[in-house]
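Please walk through this structure with its sheet, its core and its aromatic contacts in mind.

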Amino acid sequence: MSVAIAMITDQKGYALARYALASVLLSQTHDYTPFLFVDRWDGPTDEDGLLRLGRSIGRPVEVVKFDKNIFGQLGYKTRPHVSLAAYLKFDALQYLSKRFDRALYADTDMLFYQPLDISGIDFHGNPIGAVYDLGECLLHDVQGVEAQCSSSGYARDYFNSGLMLLDCAHVEFEALGPIYEAHCETHQFQCPYDDNCALSDQCAFNMTFENRWTPLPLTWNVQSITLQTDLWDQAAIRHYTGPIKFLPLRARRADKKERRLIATLATALGDARPTIWPGMGAVYWANALRRARARAKMARAAQITEYTIVARREAIANAR
């Protein structure tokens with residue numbers, strides 16, 4: 001089975017992307033091809049630490065350039081910490097769907113800690129797999145089970161588009177392209193999930209693949225709203241959603257596991273190691289105490305969502 005793992009970035013976001021994709025290179029043990037899609041710039045030079053790392057471990061990174069971004073030309077909205085490159089996820093997946101059996105897309109604000117069993121995922125006939133968006137779930141449902149929809153009639157199940165696994169044999173991306181673009185345009189004027197929505201591509205992906213996605217394990221995309229919970233500690237992939245990312249290291253948010261990984265990645269990339277001082281663990285612990293109520297709320301939400309995942313996968317399997 002041929003597998004690709006891909007990220008996309010513009011030039012401004014590349015400093016974060018280097019570490020995110022390097023974490024893929026150092027954590028994944030199965031056979032795959034790493035990709036870096038670049039939005040309207042030439043990408044890193046051959047001597048960049050990321051490309052050297054890929055070559056040194058026998059996983060050379062393929063760099064693919066997108067020369068234009070029609071969503072930027074149309075003036076589409078994004079959030080301050082999200083670039084217009086996010087809209088090009090669809091183009092990246094379409095490119096990969098022509099060459100691979102399975103393709104995993106991941107945002108550049110993610111760190112990979114554990115190998116993923118990509119070939120072992122059962123899609124139950126759906127074209128993509130993704131993880132429930134816990135942030136949106138909590139925003140619209142105090143139990144954190146599903147995303148709240150308006151009277152638009154869209155399904156309440158809502159995934160985070162920061163990580164999507166594509167089953168290339170069960171999707172025709174050429175046909176879906178105009179549908180995705182139409183949903184992006186619609187979303188500029190009215191979001192069917194939230195009247196105050198500030199998301200960019202995510203709702204358009206949910207609209208495009210409504211009732212055609214299979215839940216992946218929560219550990220594959222543990223969003224930072226779960227910071228300092230058991231789920232955050234167990235994450236195969238941590239997703240630093242929101243404006244605060246994993247660089248630079250912050251004592252109140254970076255646990256020992258994160259500090260160790262960032263230091264390892266810096267060394268592998270040929271960068272200066274981050275400043276890590278003895279009291280960082282104590283600061284992290286104190287912040288965890290301060291956030292006790294928020295952590296308890298998120299732990300409960302994650303537990304309920306786990307039940308939802310099991311029920312949804314059973315429903316999908318029985319409907320085949």
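**From one phenylalanine to the sheet**

In this predicted model, Phe-112 makes contact with Met-7, Ala-20, Ser-23, Val-24, Ser-27, Gln-28, Leu-104, Ala-106, Ala-236, Ile-237 and Leu-261, when residues up to four places away in sequence are not counted. Phe-112 is also, with Phe-37 and Trp-220, among the residues that touch the most other members of the largest nonpolar core, which has 93 residues. Helix H1 (residues 14-27) gives the most to this core, contributing 9 residues. Another core, of 6 residues, lies apart from it and includes Tyr-158, Cys-191, Cys-197 and Cys-203.

An open sheet of 3 strands follows the order S5-S10-S9, with mixed pairing. Strands S5 (110-112) and S9 (222-223) stand at its edges with a single partner strand each, so one side of each has no neighbour in the sheet. S5 and strand S10 (residues 237-239) run antiparallel and are joined by 3 bridges, and Met-110 has His-239 in S10 as its bridge partner. Helix H9 (residues 256-269) packs on this sheet, touching S5 and S10, and its direction makes about 85° with that of S5.

Turning to the rings, the count comes to 16 aromatic pairs. Phe-37 and Phe-66 form a stacked pair, 5.5 Å centre to centre with 15° between the planes. Because Phe-37 lies in strand S2 (residues 33-39) and Phe-66 in strand S3 (residues 62-66), the pair ties together parts that are 29 residues apart in sequence. Phe-37 is buried, at a relative accessible area of 0%, and Phe-66 is buried as well, at 14%.

Tyr-113 has Arg-238 over its face, 4.9 Å from the ring centre, while the charged end of Lys-257 sits over the ring of Tyr-113 at 5.9 Å from its centre.

Terms used. Residues are numbered from 1 along each chain as its sequence is written. This is a predicted model: local features need pLDDT of at least 70, side-chain atom pairs count only at pLDDT 80 or more; totals for chains, interfaces and linings use all residues. Side-chain values use heavy atoms; hydrogens and water are left out. Two strands pair if DSSP finds at least two bridges between them. Helices (H or I, at least four residues) and strands (E, at least two) are DSSP runs, numbered from the N terminus. Contact means heavy atoms within 4.5 Å. Axes are lines fitted to C-alpha atoms, for helices over the stretch in contact, and angles run from 0 to 180 degrees between N-to-C directions. A nonpolar core is a set of buried Ala, Val, Leu, Ile, Met, Phe, Trp, Tyr and Cys residues joined through side-chain atoms within 4.5 Å. Buried means under 20% relative accessible area, exposed over 50%, partly exposed in between (1.4 Å probe, protein chains only). Rings of Phe, Tyr and Trp (its six-membered ring) pair if their centres lie within 6.5 Å; planes under 30 degrees apart count as stacked, over 60 as edge-to-face and the rest as tilted. A charge sits over a ring if NZ of Lys or CZ of Arg is within 6 Å of the ring centre and within 35 degrees of the ring normal.
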